[in-house]
Each structure stands twice: as structure tokens, then as C-alpha cells.
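This report describes the arrangement of strands and helices in a single model. Sheets are treated before helix packing.

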Amino acid sequence: MRAVEVLPVKRIEMPTPYGVGPVNAYLLEAEPLTLIDCGINTPQAQNALFLEIAAAGYFPESIEQVLITHAHPDHYGLVHVIQEAAGATVYFPEREIRRVRDRQMLFEVGRLLMEAGMPLDLLFKMDQERKDGPRPRLDHDHVVPVHDGDAFTFEGDDGEFTLTAHLMPGHTGGHVVYLEDETRTMFAGDQLLPETSPNPLLEPSLDEPGERRRSLKEYLGSLARMGAMGLQLVYPGHGDPVTDPQRLIESMIEHHLKRKAAVAAHLDELGKTPYEIATEVYPDVRGYDSFLAVSEVVAHLDLVVEDGDGTVDVRDDVTYYRLTTT
Ligand SMILES: [Zn+2]
């Protein structure tokens with residue numbers, strides 16, 4: 001069979017209760033009928049998903065497989081619904097399964113936030129918000145792990161095509177993107193977004209217990225790899241398709257360099273916690289968004305320290321960053 005020139009993709013937008021706005025899933029109208037990501041576990045998102053599947057001429061039961069990009073609730077929250085409706089096979093990034101399964105990770109994130117100077121009452125409030133919010137359900141034992149390099153082959157009306165999984169850590173530690181080689185089309189999850197920069201989140205390292213992963217460094221490394229892939233079209237996890245991925249990748253790198261300088265400008269010679277800096281950089285942030293703000297600051301401080309412009313001191317288990325004085 002000949003190769004396709006345009007992938008048979010239908011974008012499905014679903015609401016989320018998050019600041020980021022709606023989330024995308026993509027229906028691949030080919031054999032096997034496939035969803036890439038699947039929205040958050042709320043009745044509104046499920047309605048939107050099922051309506052769009054019906055509008056395309058299918059039933060939820062027709063979905064044969066689901067490919068997940070990363071373990072955030074807005075991307076995999078409805079996976080159990082599709083699985084139960086259709087017995088669809090769920091492919092989930094291997095490192096992300098580990099992140100979801102390991103309850104210890106949650107405590108570790110809390111510990112990292114305390115180290116970053118976040119007050120305990122705010123930490124409790126955030127945890128309550130998380131518990132009250134929509135929760136995904138993942139049957140760990142019935143998902144197929146996706147590894148870097150795994151390939152998925154499809155037959156569409158206009159030809160066949162293959163998606164290859166690429167491990168792209170950054171936004172999360174085990175984030176996977178799916179690349180179609182011939183058309184240079186990528187399903188990028190939250191690795192490349194048109195309207196916002198994906199948060200490099202504060203997360204414990206999967207490989208080194210007790211360590212924190214250097215999320216922004218990982219993210220910039222993944223971006224550089226994406227930049228070398230000759231991408232023509234990117235289907236992001238949020239927002240419209242990206243028709244000039246190269247330019248977006250370059251502007252994203254530039255954005256982080258500017259943000260690094262902006263964060264560095266808040267350092268003084270006495271030292272501040274990342275939480276203190278986050279409240280200066282983002283004074284209006286509340287609740288769960290404080291986690292995003294602190295993550296963002298810590299991630300950029302890593303680069304400032306690496307450049308030699310900042311120094312880390314640990315006092316009473318809390319991390320302080322100060323200007324490097326020569
Ligand atoms: Zn995400």
C-alpha cells in the first residue's frame with residue numbers, strides 16, 4: 001500500500017476545569033481506529049468526546065486503541081471509560097505508568113515543595129483541591145507500556161502510515177510524543193503548545209530516589225531534539241495545530257532564556273526560597289497554581305545556577321538561592 005500524504009486526523013476538543021482551557025484528543029480514522037489522549041474524567045468532557053466520536057460516524061465501542069502521551073488527568077482521565085466501553089487496548093508511556101503507580105511520588109512532590117519554602121497550610125490546601133478535583137482511574141495491570149522507539153502501524157483509506165513513540169522528558173519525566181515519519185507530523189501532547197509554554201514540573205527523579213529531576217534542562221534537551229526532526233505539522237495537547245513548528249520551537253527556547261533572566265533578577269545576596277521568588281514573580285497566583293509557579297521558578301533557577309550566576313544554600317532543610325558573589 002502507498003504511504004499517505006495527509007494523516008486522517010480529527011481533532012476533538014474537550015473542556016477542562018484548568019486554567020489551560022480545553023484539551024485535545026485526536027481520532028485517527030484508520031485501522032485500527034485510535035484515539036491519542038482522551039480528556040479529563042468529567043461528565044462534560046465525556047459528553048464532548050462521545051459527541052465528536054459520533055459526529056465522525058463511530059461509536060465509543062468502535063475505538064480499538066488509545067495512545068497516551070503523558071500521565072496528566074486532562075490527557076488520560078477518560079481512559080477507563082473507553083476501555084470499559086470497547087475493550088480498547090490502552091498504550092501508556094512506561095515511565096509514566098511508574099509515576100502514577102508509585103503513591104510515594106506524591107509525598108515526594110510535597111517534600112520538594114517544602115524544600116522550596118512553600119508554607120505547610122498552602123500545601124494542605126493544594127492537596128485538598130487535588131482530592132476534590134476530577135480524578136482519573138487507571139487500571140495499571142491492563143495497560144500496555146510504551147517505550148522509546150515503539151512503532152504503531154495504521155491502514156487508512158488513502159494509504160498506510162506508522163507512528164513512532166519518542167520519549168521526550170520535560171513537561172513530565174516520561175512524556176512520549178508520536179511521530180509520523182513520512183509527513184513529519186507529530187502528536188506532541190504538552191511538549192509543544194502554541195499559546196503557552198508547557199510547565200516544566202517539579203517532580204522527583206524516577207531514577208535517583210530522593211533526587212529532583214532537572215525538568216527544564218530535560219525539556220530544553222527534548223526541544224532541541226524536536227528541532228532537528230524536520231517537523232512539518234504538530235498536533236498539540238492544547239490549542240490549534242502548529243503549522244510552523246520550527247519557529248515555535250525557537251521562540252520557546254528564547255522564551256525560557258528570557259524567563260531565566262527574569263527569575264535571576266529577583267536574586268539578592270542574602271538568599272530567597274523559590275517560593276518567595278515565585279510570590280514576587282507571580283503575585284496573583286493562588287491554590288494549585290502555586291505549584292506551577294514554584295515549579296517554574298525552581299526549573300529556571302537550575303539554569304541560573306548552572307550558568308554560575310546563582311548559588312544554593314540549604315538551611316533547616318529549606319533551599320535558598322542567592323546571587324553568586326565573586
Ligand atoms: Zn500535561
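The following paragraphs describe two sheets and one helix with its surroundings in this predicted model.

**The sheet β1 to β6**

Six strands, in the order β1-β2-β3-β4-β5-β6, make up an open sheet of mixed pairing. Its edges are formed by β1 (9-14) and β6 (144-146), each of which pairs on one side only. On average, and with direction ignored, neighbouring strands of this sheet are turned by 25° against each other. Helix α4 (residues 94-101) packs on the sheet, where it touches β5 (89-93) and β6; the direction of α4 makes about 85° with that of β5.

**The sheet β7 to β11**

A further open sheet, also described as mixed in its pairing, contains five strands in the order β7-β8-β9-β10-β11. Because β7 (151-156) and β11 (233-236) stand at the edges with a single partner strand each, one side of each is left without a neighbour in the sheet. From one strand to the next, the twist averages 25°. β7 and β8 form a hairpin, with two residues between them.

**Two antiparallel pairs**

Strands of a sheet pair through backbone hydrogen bonds, in either a parallel or an antiparallel manner. The table sets out one antiparallel pair from each sheet.

| Strand pair | Sense | Bridges | Residues standing opposite |
|---|---|---|---|
| β1 and β2 (residues 23-28) | antiparallel | six | Met14 and Val23 in β2 |
| β7 and β8 (residues 159-167) | antiparallel | six | Thr153 and Thr162 in β8 |

**Helix α7 and its cover**

Helix α7 (residues 215-227) comprises 13 residues and reaches 18 Å from its first C-alpha to its last, close to the 18 Å expected at 1.5 Å a residue. Which residues of α7 are buried? They are Ser215, Leu216, Glu218, Tyr219, Ser222, Leu223 and Met226. These residues cover an arc of only 155° around the axis, which puts them on the same side of α7. The elements that cover the buried residues of α7 include α8 (245-264) and α10 (289-306).

Two packed helices are described by the angle between their axes and by the distance between the axes. For α7 and α10, the packing angle is about 80° and the axes lie 7 Å apart. Angles of 65 to 115 degrees count as roughly perpendicular, and α7 and α10 are therefore roughly perpendicular to each other. In this contact, Ser215, Leu216 and Lys217 of α7 meet Ala299, His300, Asp302 and Leu303 of α10. Of the α7 residues in this contact, Ser215 and Leu216 are among those that are buried.

Methods:
Residues are numbered from 1 along each chain as its sequence is written. This is a predicted model: local features need pLDDT of at least 70, side-chain atom pairs count only at pLDDT 80 or more; totals for chains, interfaces and linings use all residues. Two strands pair if DSSP finds at least two bridges between them. Helices (H or I, at least four residues) and strands (E, at least two) are DSSP runs, numbered from the N terminus. Axes are lines fitted to C-alpha atoms, for helices over the stretch in contact, and angles run from 0 to 180 degrees between N-to-C directions. The expected span of a helix is 1.5 Å times one less than its number of residues. A residue is buried if 20 or more other C-beta atoms lie within 10 Å of its own, exposed if 12 or fewer, and partly exposed in between; C-beta atoms are placed from the backbone. The arc is that of the directions from the helix axis to the C-beta atoms. Two residues are in contact if their C-beta atoms, placed from the backbone, lie within 7 Å. Angles under 35 degrees count as roughly parallel, over 145 as roughly antiparallel, 65 to 115 as roughly perpendicular and the rest as oblique.
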